[in-house]
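Welcome to a short tour of this structure. Please keep the 3D view open as you read, since the notes below move from internal spaces to the strands around them.

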Amino acid sequence: MSAVTTDAQAAHAVGVRRLLDSYRAIPPTATVRLAKPTSNLFRARAKNTAKGLDVSGLTNVIAVDPATRTAEVAGMCTYEDLVAATLPHALAPLVVPQLKTITLGGAVTGLGIESTSFRNGLPHESVLEMDILTGTGEVLTASPTEHPDLFRAFPNSYGTLGYAVRLKIELEPVKPFVAVKHLRFGSVPELVAAMDRIIETAGYDGTPVDYLDGVVFSAEESYLTLGFKTSAPGPVSDYTGEQIYYRSIQHREGVKDDRLTIHDYLWRWDTDWFWCSRAFGAQNPRIRRWWPRRLRRSSFYWKLISYDQRFNIADRIEQRNGRPPRERVVQDIEVPLERCAQFIDWFLEHVPIEPIWLCPLRLRSSSASDGVWPLYPLRPDRSYVNIGFWSSVPVGETEGATNRLIERKVSELDGHKSLYSDAYYSPEEFDELYGGETYKTVKKTYDPDARLLDLYAKAVLRR
């Protein structure tokens with residue numbers, strides 16, 4: 001174990017006691033929520049002034065064990081802090097979501113994904129065990145053999161079955177650098193066919209591929225980005241300053257090579273929040289030159305979004321310029337790989353948002369018996385593609401018109417949508433898509449008095 005284990009474990013124990021004290025201080029009739037200043041959720045919800053759970057003592061890495069390639073982490077620890085603790089051991093989590101302030105507990109109770117997901121699945125698949133504060137006020141250890149119903153239902157429950165207090169996860173070896181190849185395609189079906197070959201063979205031109213994602217700029221211009229672990233020294237690119245990572249992907253034809261440190265590769269999307277920093281002018285060279293480097297990160301852009309939501313700044317600007325308000329379309333969806341090109345073709349025709357992020361995914365579990373995650377039921381023997389699109393469109397005739405259109409298309413293609421943003425499903429549709437009967441059974445077992453919100457109420461009704 002790492003040298004800081006004893007002190008970190010003691011600090012964690014204090015944090016758990018503080019958490020439990022705060023739970024007991026909440027009136028029995030009040031809904032239990034977290035008290036935290038930040039969030040990576042894009043769901044608007046009713047304002048809540050009640051005092052929440054104190055998670056301020058649950059932000060640390062408890063231990064890193066290089067021998068067993070595992071880490072014990074407090075539930076509110078960010079991936080930024082987790083990666084900082086594991087990289088000195090040449091290790092990293094099996095999946096590192098793209099944004100630094102995503103917490104490990106958040107990625108497991110919600111969903112996280114990244115360019116290792118084509119071989120490592122989703123973050124919850126690398127969890128060996130976790131301590132969960134349930135709605136009854138107990139801290140229970142959940143694993144495949146201990147409270148397995150809670151362990152399996154926890155992913156995609158978004159804090160409605162409990163909150164992760166401690167997680168023990170697997171780690172994997174990494175190397176100091178990542179060699180990158182950007183492959184250009186003239187059509188999305190060509191890209192999807194190449195993606196399929198890489199997933200099935202786990203390689204490209206006979207070389208194992210360690211990281212894989214893609215970007216669609218238009219129907220005629222799309223890219224797969226392949227990453228290869230390497231220890232070979234050499235020059236590296238820096239996309240935390242004047243250069244912008246997603247723009248570096250584009251080139252006229254063929255293959256473009258690049259190279260980053262493993263640290264900068266893992267956080268390559270955070271500096272510009274993929275491409276969303278352009279909404280704040282941060283990609284304008286004249287503005288970027290004066291934009292403090294420490295504020296070029298997703299957490300700061302999120303603060304700007306929060307101000308906009310609070311004061312309706314963007315809608316006021318649109319109104320002043322004689323334009324209608326805009327509908328936020330900030331979503332990640334999964335569709336089976338064989339239907340990816342069909343969805344993108346439909347999306348490019350009906351939704352004026354670009355670029356689009358692609359991230360292939362295949363669950364690590366090879367059989368349904370050990371690969372069931374009922375609240376987000378992907379098949380363990382099937383390849384999927386996560387498709388991310390984050391912007392806004394002119395409002396339609398009904399609330400959430402474009403989001404509703406997308407939901408219908410995703411369901412038509414046997415896909416699923418993440419629940420971190422706006423959702424408009426009916427209760428019946430929601431139960432069918434997100435493990436309704438299983439969820440209700442586990443909810444009654446671990447939150448019998450409904451101290452925590454219901455998943456539908458939280459994800460759709462935005463309570």
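## Cavities and strands

Helix H1 is the biggest contributor to the lining of the second largest cavity, giving three residues. Bear in mind as you look that this is a predicted model.

Which other element gives two or more residues to that lining? Alongside H1 (5-24), strand S3 does so. The full lining of the second largest cavity consists of Ala8, Ala11, His12, Gly57, Asn60, Val61, Ile62 and Ala74. By character, these lining residues are five nonpolar, three polar and no charged.

In total, the model holds three cavities of 30 Å³ or more. For the largest, 14 residues form the lining, and those nearest its centre are Val96, Glu114, Thr116, Tyr211 and Leu266. Strand S5 (91-93) and helix H8 (262-266) each bring at least two residues to the lining of the largest cavity. Here the lining includes charged residues: the split is nine nonpolar, two polar and three charged.

Now back to S3, the strand that helps line the second largest cavity. S3 spans residues 61-65, and five of its five residues are buried. Its partner is strand S4 (residues 70-74), which runs antiparallel to S3 and is joined to it by four bridges. Within this pair, alanine 63 of S3 faces glutamate 72 of S4. Four residues lie between the two strands of the hairpin, where arginine 69 adopts a positive phi near 55°.

Further along the chain is strand S17 (residues 384-394), which is mostly covered, with eight of its 11 residues buried. Which strands pair with S17? One is S15 (residues 326-336), antiparallel to S17, and another is S16 (residues 356-361), also antiparallel to S17. In the pairing with S15, isoleucine 333 sits opposite isoleucine 387 of S17. In the pairing with S16, leucine 361 sits opposite tyrosine 384 of S17.

The strand pairs are set out here for easy reference.

| Strand pair | Sense | Bridges | Residues opposite each other |
|---|---|---|---|
| S3 and S4 | antiparallel | four bridges | alanine 63 and glutamate 72 |
| S15 and S17 | antiparallel | 11 bridges | isoleucine 333 and isoleucine 387 |
| S16 and S17 | antiparallel | five bridges | leucine 361 and tyrosine 384 |

Finally, how much volume do the cavities have? The largest cavity has about 80 Å³, and the second largest has about 40 Å³.

How values were computed
Residues numbered from 1 in each chain as written. Predicted model: local features only at pLDDT ≥ 70, side-chain atom pairs only at ≥ 80, totals over all residues. Heavy atoms only, no water. Buried < 20%, exposed > 50% of the residue type's maximum accessible area, 1.4 Å probe, protein only. Pairing = 2+ DSSP bridges. 1 Å grid on protein atoms, 1.4 Å probe; cavity = no way out; pocket = protein on both sides within 12 Å on 5 of 7 lines; lining within 4 Å. Points joined across faces, edges and corners; volume = space filled by probe spheres on them. Nonpolar A, V, L, I, M, F, W, Y, C, P; charged D, E, K, R; others polar.
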